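Biologist: Got a minute to walk me through this fold? I'd like to start with the helices and the sheet, then go through some side chains.

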Amino acid sequence: MTLKKGYRNVYDLNIHLVLVTKYRKKIIHRLMLTRLQEILTATCQKWRSELTDFNGEENHVHLLISYPPDVEVSKLVNNLKTVSSRLIRKEFESEVNAAYKKAVFWSGAYFVASCGGVTVEQLKAYVEQQHSPVD
């Protein structure tokens with residue numbers, strides 16, 4: 001595990017995010033999946049986050065995202081969904097329009113879980129590294 005350092009913090013925050021297509025329609029193909037990865041990677045970078053793992057199937061994608069403590073997960077997720085939906089609908093217009101009558105791509109819901117963890121030894125090492133003023 002690699003700890004990241006911010007201005008006044010040390011952290012290792014990761015989430016597992018699953019996005020599902022509207023009505024679970026099997027619309028995602030290999031080229032679209034590749035483009036989704038590019039879009040989601042770029043969007044994460046704008047949020048000072050990192051897409052560390054990505055894969056998917058015809059009706060959903062899995063993302064593993066590392067993010068800083070000042071980023072609100074719900075806002076990050078909503079931005080990822082909005083940006084990717086808009087660009088995919090634009091770039092794959094005929095395929096998306098064949099599946100949906102309205103301007104949609106993702107389901108309104110999503111799954112998110114925290115993942116990773118810190119061992120007691122890592123916590124002890126962090127505490128020992130902190131310098132306190134001598135009385």
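**Helices, sheet and side chains**

Modeller: Sure. H1 lies across S4, S5 and S6, and runs at about 155° to S4. Helix H2, residues 73-91, packs on the sheet too and touches S3, S5 and S6. The direction of H2 makes about 135° with that of S6. Keep in mind that this is a predicted model.

Biologist: OK. What's the strand order in that open sheet?

Modeller: The order is S4-S5-S3-S6, four strands with antiparallel pairing. S4 and S6 are the edge strands, each pairing on one side only. On average, neighbouring strands are turned by 20° against each other, ignoring direction.

Biologist: And how many bridges join S4 to S5?

Modeller: Seven, with S4 covering residues 50-57 and S5 covering residues 60-67. The two strands form a hairpin, with two residues between them. To find your way around, look at Leu51: its bridge partner in S5 is Ile65.

Biologist: How many bridges are there between S3 and S5?

Modeller: Eight, and that pair runs antiparallel. Over there, Val20 stands opposite His60 in S5.

Biologist: Switching to aromatics. How many aromatic pairs does the structure hold?

Modeller: Two. One is Tyr23 with Tyr100: the ring centres are 6.5 Å apart and the planes are at 40°, so that pair is tilted.

Biologist: Why tilted?

Modeller: Because planes under 30 degrees apart would count as stacked and over 60 as edge-to-face, and the planes of Tyr23 and Tyr100 sit at 40°.

Biologist: Where do those two tyrosines lie?

Modeller: Tyr23 is in the loop between strand S3 (13-21) and helix H1 (30-46), while Tyr100 is in the loop between H3 and S6. So the pair ties together parts that are 77 residues apart in sequence.

Biologist: Is Tyr23 buried or exposed?

Modeller: Exposed, because its relative accessibility is 64%. Tyr100 has just 3%, so Tyr100 counts as buried.

Biologist: And which residues make the other pair?

Modeller: Phe105 and Trp106. Their ring centres are 4.7 Å apart and the planes are at 80°, so this one is edge-to-face. Trp106 is buried, at 8% relative accessibility.

Biologist: Back to Tyr23 for a second. Which charged end sits over its ring?

Modeller: That of Lys22, which is 5.4 Å from the ring centre.

Biologist: Now Phe105. Where is it found?

Modeller: In the loop between helix H3 (93-99) and strand S6 (106-115). Phe105 counts as buried because its relative accessibility is 1%.

Biologist: What is Phe105 in contact with, leaving aside neighbours within four places in sequence?

Modeller: Quite a list. Among them are Val20, Thr21 and Lys22, then Ile27, Ile28 and Met32. Others include Ser85, Ile88 and Arg89, plus Val96 and Tyr100. So Tyr100, the buried partner of Tyr23, shows up again among the contacts of Phe105.

Biologist: How far apart are Phe105 and Thr82?

Modeller: They are 9.3 Å apart in space, C-alpha to C-alpha, and 23 residues apart in sequence.

Biologist: Last topic, cysteines. How many disulfides does the structure hold?

Modeller: Zero. Cys44 is buried, at 0% relative accessibility. Cys115 counts as partly exposed, at 27%.

Biologist: Why partly exposed for Cys115?

Modeller: Because buried means under 20% and exposed means over 50%, and the 27% of Cys115 falls in between.

Conventions
Residues are numbered from 1 along each chain as its sequence is written. This is a predicted model: local features need pLDDT of at least 70, side-chain atom pairs count only at pLDDT 80 or more; totals for chains, interfaces and linings use all residues. Side-chain values use heavy atoms; hydrogens and water are left out. Buried means under 20% relative accessible area, exposed over 50%, partly exposed in between (1.4 Å probe, protein chains only). Contact means heavy atoms within 4.5 Å. Rings of Phe, Tyr and Trp (its six-membered ring) pair if their centres lie within 6.5 Å; planes under 30 degrees apart count as stacked, over 60 as edge-to-face and the rest as tilted. A charge sits over a ring if NZ of Lys or CZ of Arg is within 6 Å of the ring centre and within 35 degrees of the ring normal. Two strands pair if DSSP finds at least two bridges between them. Axes are lines fitted to C-alpha atoms, for helices over the stretch in contact, and angles run from 0 to 180 degrees between N-to-C directions. A disulfide is a pair of cysteine sulfur atoms within 2.5 Å.
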